[in-house]
Amino acid sequence: MLSLRSFVGPEARRVAEQLKPPQAPPPDPEFEPDEHQRRAISTPARWLRVLAPAGSGKTHTLVRRAARVCRDNRRARVLMLTFTNAGVAAFEKQVAEDCPDVASRITARTLNSYGNRLLGRLARSPRDPHYFELASMLGPLVRETFKLTIDDRQMTSAIRPIWRAVEQTKQLGFSPDDPEWDDAIMNLLTPTSSLDVLGAALHQTGLPGQFDEDRIRDLWLPFWRSAIAATTQSTFTFEDQKFRALWNIKREDAQVIGNARAAGFTHLFVDEFQDTNLLELMLVCALVKINDAELCVSGDDDQCIYEFKACSPQYILHPDYYILGLLDKADEEFETVRLAINYRCPPNLTEYSSRVIQNNQNRDVKPIEPWRDTRNPAAEVRVVQMSASIQAMETAIALIKEVVDLTGKGVGSPGEREQVKQPEFGLLARKNTQLVPLQLLLTREGIPYYIPPKKNLFLSRAYQGLELAFHLRAHGRSELRRAIPAHELKPFAECIIVLADNFGRWVLSKTNREKVRRIARRCDSVDTLIGELRDGGVGSPWFSSKLADGIQAVVDAQDGMAVLQVLFGGFRGLAKDYELERDDIFNREPPFGLFVDLAAGFASEEEFVRSLVEARQAAESMSGESARANPVHLLTAHAAKGLQFSTVVILDANAGFWPTSHGDREEERRLFYVAITRARSNLLLFSSDFVQGDSYAESPFIREMEVESNLRIRSALPEDILNSLIALYPKSRKKAWRR
């Protein structure tokens with residue numbers, strides 16, 4: 001592993017001092033609607049579709065339209081629905097600033113919260129049921145429907161992916177009690193990828209056979225309805241907030257329909273409509289019908305990046321077919337307004353991103369013009385080619401150390417320093433596990449960062465199994481005990497239990513876990529415990545002997561890299577999510593390859609273990625709300641949607657990541673489009689010859705950008721690359737990080 005300190009030498013500092021400042025974010029222009037925005041604001045159309053590319057002033061436009069509606073009609077009330085709390089907050093802020101005189105008649109809600117409000121007393125606090133509950137409620141039904149012969153312990157581990165498929169089916173609009181709907185829903189879903197996504201989810205359950213459209217209709221949907229009936233009284237999930245609201249309206253439940261009418265809105269606005277699934281579409285149509293409301297949908301089909309969640313760009317691309325078809329108004333049509341100017345992105349980034357996205361066939365062909373103004377200068381764009389992925393990460397972090405003032409003191413007047421209000425760097429990855437080495441490296445360099453809790457591997461319960469393998473080794477190695485704080489070192493009995501739970505495909509039964517605990521209590525050393533396991537103390541003699549071999553291999557491994565290879569090869573529970581939470585990223589994308597790469601770069605196992613401990617300790621404070629003010633954000637491209645950073649770093653910009661080998665090419669291109677349009681001033685795309693030892697070509701999306709050859713950096717020496725990147729920033733105007 002390269003040393004970061006080797007990058008930050010006198011030459012790099014000297015170059016940095018001579019270079020120009022990073023571009024400040026362009027100020028928001030005083031909102032004076034352009035011709036496209038004026039049309040969206042003023043049109044009297046009852047059915048309106050606003051297609052709004054990134055940075056086109058959509059929020060301003062929708063708020064001005066809502067204000068115009070309320071001012072023209074004293075009885076008008078507007079309900080704005082979106083999908084995130086951040087989206088609601090943005091609307092409410094803009095309404096308060098732009099139209100306080102009619103703010104009382106404009107309401108913003110998430111679709112989930114509005115569904116909860118419709119249900120009233122029928123709603124409960126949403127939560128995912130525990131897998132033991134699900135196994136008890138659904139186990140007999142699973143065995144009977146799919147002719148499975150598995151015991152209760154196996155059912156407990158297998159039930160979670162089946163329940164995920166149950167939840168995913170709710171998103172597709174199927175009726176929980178009326179099979180006559182199935183053909184109509186199938187017809188609506190056929191032009192989308194949603195049935196393929198459901199089929200893939202059912203394949204992941206391990207249930208026998210292939211789930212094509214016929215088998216979904218004939219086998220899965222009857223099971224799904226029975227599963228809904230069996231769990232309705234005892235479960236209430238986030239998906240149920242919309243699912244039960246819709247189907248209580250369909251059943252003409254007086255309370256739910258009364259709650260829908262009580263709001264009294266005359267106009268319904270739905271933002272980010274490209275992120276709608278069929279369930280949400282049907283709920284929106286039901287609300288329009290109950291209130292005889294006018295409808296405005298807005299969004300950008302080029303930013304539809306959640307097809308794996310059953311969303312589809314088809315709904316915003318063909319509103320006449322889907323929306324007016326469901327409303328029985330086939331003789332009417334939507335008016336479409338296309339917002340054409342990107343006010344947020346620098347002009348060259350607008351052009352690069354347009355070149356990429358125009359390669360998609362399934363899209364609305366719309367003009368996307370850059371905002372050409374002296375207040376919106378071009379961004380600095382670089383394509384950086386490096387030998388290895390870990391080298392690219394270290395270069396990015398060395399750059400951060402050079403150009404971000406981590407002291408909080410800053411340079412210049414207090415007024416200049418206070419202008420820095422957003423994180424300087426957004427480090428974007430295609431996969432969750434690409435963020436793991438960045439956490440280790442940032443912690444080692446003392447750079448504060450933010451990472452969303454669900455992306456933070458070191459908060460994962462499954463990560464405990466990996467770290468406890470080193471705790472177990474520390475009981476016999478004094479040098480490792482120095483790396484782990486004494487108050488954190490776990491007893492070897494606890495280490496053995498966790499490793500045993502992760503050894504086989506299934507978790508230990510309560511009986512076997514208690515046997516391991518009793519053996520560990522009466523043994524005074526790891527060697528004695530392994531001996532008792534070899535004598536057949538846990539489960540079958542074969543399993544007990546294999547478990548003893550696995551633990552012995554962990555204890556005897558030569559170094560940290562060898563330990564990781566043992567865990568990767570022998571402890572199956574660490575390699576796939578069988579019984580843990582579905583959001584446990586360690587299990588979804590096992591990062592063993594990355595850990596092995598990292599371990600190989602440390603001088604000793606002690607140093608590697610110490611870095612793991614420090615990274616985990618730091619991670620506990622890097623996912624809270626206060627950490628959002630830190631100068632570096634670690635995110636996947638999906639999580640970055642809606643955010644902006646002065647510098648965006650795209651990691652592993654290679655084929656196989658952008659796009660992934662299994663992803664739909666057009667959806668992957670939309671995701672890349674979203675990622676590169678997050679940058680305000682600087683976009684750095686790192687392409688690596690080797691990632692975890694495998695060779696990868698440069699991403700085809702970079703070729704589609706048609707980046708000029710003089711903006712490509714390739715050197716055998718990482719320090720030369722670093723100096724070229726530092727050239728984008730000045731030492732004299734280094735920006736301060738302020739909490």
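## Two exposed residues with positive phi

Lys147 is exposed, at a relative accessible area of 67%. This is a predicted model, and Lys147 sits in its loop between helix 6 (131-146) and helix 7 (152-170). The phi angle of Lys147 is near 55°, a positive value in a residue other than glycine. Most residues other than glycine have a negative phi.

Glu706 is a second case. Its phi is near 60°, again positive and again in a residue other than glycine. Glu706 belongs to the loop between helix 31 (700-705) and strand 17 (712-714). With a relative accessibility of 52%, Glu706 counts as exposed, because the cut-off for that class is over 50%.

## A cis peptide bond

Most peptide bonds are trans. The bond joining Trp658 and Pro659 is cis, with omega at about 0°. Pro659 is placed in the loop between strand 14 (645-650) and helix 30 (665-676).

## Aromatic pairs and a charge over a ring

The count of aromatic pairs comes to 14. One of them joins Tyr321 and Tyr322: the ring centres are 4.8 Å apart and the planes stand at 85°, so the pair is edge-to-face. The cut-off for that label is over 60 degrees. How exposed or buried is each partner? Tyr321 is partly exposed, at 47% relative accessible area. Tyr322 is buried, at 1% relative accessibility.

Elsewhere, ring pairs link Phe146, Trp220 and Phe223 into a cluster. Phe146 is also the last residue of helix 6 (131-146). A charge over a ring appears too: Arg215 lies over the face of Phe211, 4.5 Å from the ring centre.

## The second largest cavity

Rolling a probe the size of a water molecule over the atoms shows where empty space is left. The structure holds two cavities of 30 Å³ or more. The second largest has about 30 Å³ of space. Its lining consists of Ala45, Arg46, Leu48, Arg65, His267, Phe269, Glu294, Leu295 and Cys296.

Which elements give two or more residues to this lining? They are strand 4 (267-270) and strand 5 (294-299). Strand 5 supplies the largest share, three residues. By class, the lining of the second largest cavity has five nonpolar residues, one polar residue and three charged residues. Arg46, Arg65 and Glu294 are in the lining and count as charged.

## Two enclosed helices

Helix 29 (residues 605-619) has 15 residues, which at 1.5 Å a residue should span 21 Å. Its end C-alpha atoms are 21 Å apart, in agreement. Why is helix 29 described as largely enclosed by the rest of the structure? Because 11 of its 15 residues are buried. The buried set of helix 29 includes the charged residues Glu605, Glu606 and Arg616. Among its other buried residues are Phe608, Val609, Leu612, Val613 and Ala615.

Helix 20 (residues 463-474) has 12 residues and an expected span of 16 Å. The end C-alpha atoms of helix 20 are 17 Å apart, which agrees. In this helix 11 of the 12 residues are buried, so helix 20 is largely enclosed by the rest of the structure. Its buried residues include Tyr463, Leu466, Leu468, Phe470 and Leu472. Glu467, His471 and Arg473 of helix 20 are buried as well.

Conventions: Residues numbered from 1 in each chain as written. Predicted model: local features only at pLDDT ≥ 70, side-chain atom pairs only at ≥ 80, totals over all residues. Heavy atoms only, no water. Phe/Tyr/Trp six-rings, centres within 6.5 Å; stacked < 30°, edge-to-face > 60°. Buried < 20%, exposed > 50% of the residue type's maximum accessible area, 1.4 Å probe, protein only. Lys NZ or Arg CZ within 6 Å of the ring centre and 35° of its normal. 1 Å grid on protein atoms, 1.4 Å probe; cavity = no way out; pocket = protein on both sides within 12 Å on 5 of 7 lines; lining within 4 Å. Points joined across faces, edges and corners; volume = space filled by probe spheres on them. Helix = DSSP H or I, 4+ residues; strand = E, 2+ residues; numbered from the N terminus. Expected span 1.5 Å × (residues − 1).
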